[in-house]
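This briefing concerns unusual backbone geometry in a protein model. Please consult the sequence and the structure shown here alongside the notes that follow.

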Amino acid sequence: MRKRTKHSSEQAGEPTAMPPGVPGNEAVPVAEPTEPRPPLPPKPDQGTPAPMSPTGQDTGIDPALNAQGGEYLTTAHGARRSETDRSLKAGTRGPVLLQDHHFREKISHFDHERIPERVVHARGAGAHGVFRGYGTAGRISSAALFGKDVETPVFVRFSTVLGSRGSADLARDTRGFATKFYTSEGTWDLVGNNMPVFFIQDAIKFPDVIHAGKPHPDREIPQAQSAHDTFWDFVSLHTEAQHHAIWNMSDRGIPRSFRTMEGFGVHTFRLVNDEGRSVLVKFHWKPKLGVHSVLWEEAQITNGMDPDIHRRDLADAIEAGAYPEWELGVQVFEDNEEQTFEGIDLLDPTKIVPEELAPVEPVGLMTLNRNPSNFFAETEQVAFNPNNLVRGIDVTNDPLLQGRLFSYLDTQLSRLGGPNWIQLPINRPHAPVNDMLRDGMHQTAVHSGVAPYHPNSLDGNNPFPAGEPARPFIDFPAPVAASVKERARPVSFEDHFSQVRMFWLSMSDVEKEHIAQAYTFELGKCFEQSIRERQLQCLANIDEKLCAVVAEGLGMPAPGPTVKHSEVRPSPALSQVGKEWPTDGRQIGIVVGPDPDEKDLLAVVTAIDDAGMVPLVVAPSGGPVGASGKVVAHRTYLTARSVEFDAVLVAGDTPAAPDARPGLDAKAGAPAPAGLDPRVHLLLGEVFRQAKAIGAWGPRSRSLSAAGLPEDAPGVVTGKSAAAVVEQVATLMKSHRVWERFPVSGRL
């Protein structure tokens with residue numbers, strides 16, 4: 001499945017596949033190179049925006065020509081430079097001269113390298129890919145991209161909502177899931193989240209919820225988290241936010257990776273077919289690898305050890321050839337006058353329609369198969385806009401969506417410096433553009449003609465309005481009821497607790513424990529007692545047991561409900577527990593000691609690699625493992641930590657390494673039994689506590705016994721044969737975790 005290239009870090013002897021993430025694609029010398037040569041080409045996993053002109057036409061130009069060229073250093077204007085390490089001064093020790101134009105150009109451009117970061121979704125990662133239509137949506141939409149086997153280029157940006165660009169990936173937060181489809185009929189932007197509901201029902205409240213979730217304005221803390229007073233003050237007062245809040249407090253708030261994250265369009269959209277008939281739909285992205293999360297302990301460790309974990313995971317998977325895939329599906333509803341389904345208001349973005357009531361129908365497959373070549377030019381400058389619609393796809397009167405139609409365009413004008421942000425290479429459409437828009441900041445198109453207005457005779461009346469059969473965009477003639485201007489909302493929008501209760505009752509016992517603990521932690525970080533009391537009242541209106549457990553953790557009395565609990569039916573589709581998924585791209589740590597069985601180890605590494613997973617050898621020190629050099633250490637006891645592994649195999653005795661001293665590695669300060677390195681002891685204990693599969697074979701199982709891990713515990717696999725142990729561990733990994741290993745209190 002994975003495509004490997006030989007890297008300079010491979011050792012002599014028979015090469016073994018290196019894990020993705022190695023920065024270069026050629027051997028790296030120790031000494032500074034001195035022989036002029038052209039720039040290195042991109043790595044095989046990298047791509048660039050398609051070679052489209054500012055007006056959406058394929059130029060046929062090699063995209064590589066957009067990168068820097070030539071062997072020698074130059075100014076931005078192409079003048080070659082012989083020196084770039086020392087500024088021009090008045091004498092050896094004199095002041096720097098104003099005439100040093102190379103210094104001024106270099107430092108001035110550096111001063112302006114950063115554009116304003118996004119207010120929300122600032123922390124993100126992106127990838128290129130392709131969407132292939134199944135042909136099943138033709139009956140409900142005339143959009144060309146849904147045609148059978150039609151392939152449409154895409155760019156996807158994943159993100160967190162609250163944190164700044166420098167925040168950690170594993171904050172408890174909502175994730176953005178924005179997809180730009182470069183269709184033959186124009187660009188379609190499906191801008192959603194990894195949760196199907198939002199905090200608010202009307203876009204006029206968006207500044208309020210973001211101001212509440214962002215750091216406090218006096219201290220600019222806390223960063224990238226909701227565990228503070230202003231957030232819980234808002235959601236406890238504005239109870240329509242309770243549904244989104246419980247999703248955030250669930251394991252969905254700390255996803256395992258972008259690859260194992262669901263996506264939702266959040267709103268209800270309208271699809272129109274070639275006959276002009278319409279239906280209402282909700283969009284779903286279903287990951288082929290399943291929906292998985294991390295534990296709170298794993299999130300805390302990871303944010304300190306590798307705050308870029310989600311970016312790294314996505315890029316490494318694509319480089320390794322384990323391409324992430326999602327099916328795009330739709331829930332389809334009659335476009336009736338009430339715009340409701342089974343009593344659920346389809347225009348309320350704080351409500352879902354359970355999949356048991358309206359199944360998700362697959363309409364296409366998205367595969368991400370290329371990493372960006374330049375993060376700034378692509379991931380940072382990509383701009384999404386819900387106004388970017390194509391024929392066959394239209395909006396509804398969802399008041400949150402209506403506000404986004406204004407807000408996104410307004411944001412791009414400010415953030416990217418003017419109205420021509422669409423001409424940045426990553427944003428350019430892949431369909432011809434003739435829009436009569438002219439001039440403005442950063443205009444890169446060179447327009448011809450003298451009459452950018454309609455009608456005209458001087459340019460032959462070009463461009464002409466498109467009629468059938470030219471397939472123009474369809475503004476669906478939706479009826480507008482006679483009404484008065486008012487600031488009001490439907491009565492159906494007033495139900496703030498029944499779906500929150502449905503979500504709670506749909507969770508497994510383990511997931512309920514995690515949710516209760518998350519509420520207890522977050523409210524425990526609030527200073528104001530009145531805010532805690534108010535949120536406990538909201539929890540009582542969701543479930544009295546949940547409220548009692550959280551109240552006990554806060555040392556507060558549990559109030560009774562003030563609303564009658566609705567009779568709701570759980571939705572099993574909302575739980576992450578109880579299913580099996582592919583293990584493509586999962587990482588298995590293989591812990592070895594100073595004297596491993598090399599033949600055995602190579603066989604295990606090969607078996608894991610052949611199964612489409614990533615073997616990571618953890619040894620006492622770096623370099624070759626064993627005398628032959630056929631296997632190298634990817635991690636050491638110093639650098640490894642439990643959170644980067646989905647399972648761990650022990651392939652040898654692991655006595656204390658020479659650097660197993662607290663002064664050299666703080667992790668070595670943990671107590672450990674004699675004959676076992678304290679870092680390995682810590683690793684095995686964390687992996688066991690995190691309910692991941694653990695395996696060992698033959699006498700090597702002594703390390704498990706020394707670490708105090710019971711061999712009869714669920715998910716602890718031992719045996720005489722390495723192959724049999726690896727096979728059993730791989731089977732356990734299909735469930736993501738060994739769920740039965742989690743203790744459950746029974747309180748909920």
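A residue counts as buried when its relative accessible area is under 20%, as exposed when that area is over 50%, and as partly exposed in between. The model discussed here is predicted. The points below address cis peptide bonds that precede proline, and then non-glycine residues with positive phi.

**Cis peptide bonds**

- The bond linking Ile-221 to Pro-222 adopts the cis form, and its omega is near 0°.
- Pro-222 lies in a loop, with helix H2 (206–213) on one side and helix H3 (229–237) on the other.
- Asn-462 and Pro-463 are likewise joined by a cis peptide bond, for which omega is about 5°.
- The loop that holds Pro-463 runs between helix H8 (399–415) and helix H9 (498–506).

**Positive phi outside glycine**

- His-121 is not a glycine, yet its phi is positive, at about 60°.
- This histidine, His-121, sits in the loop between helix H1 (101–111) and strand S2 (124–133).
- Because its relative accessible area is 17%, His-121 is classed as buried.
- Arg-471, also a residue other than glycine, has a positive phi near 60°.
- Arg-471 is placed in the loop between H8 and H9, the loop in which Pro-463 is also found.
- Arg-471 has a relative accessibility of 30% and therefore counts as partly exposed, since that class covers values between the 20% and 50% limits.

Definitions and conventions
Residues are numbered from 1 along each chain as its sequence is written. This is a predicted model: local features need pLDDT of at least 70, side-chain atom pairs count only at pLDDT 80 or more; totals for chains, interfaces and linings use all residues. Side-chain values use heavy atoms; hydrogens and water are left out. Helices (H or I, at least four residues) and strands (E, at least two) are DSSP runs, numbered from the N terminus. Buried means under 20% relative accessible area, exposed over 50%, partly exposed in between (1.4 Å probe, protein chains only).
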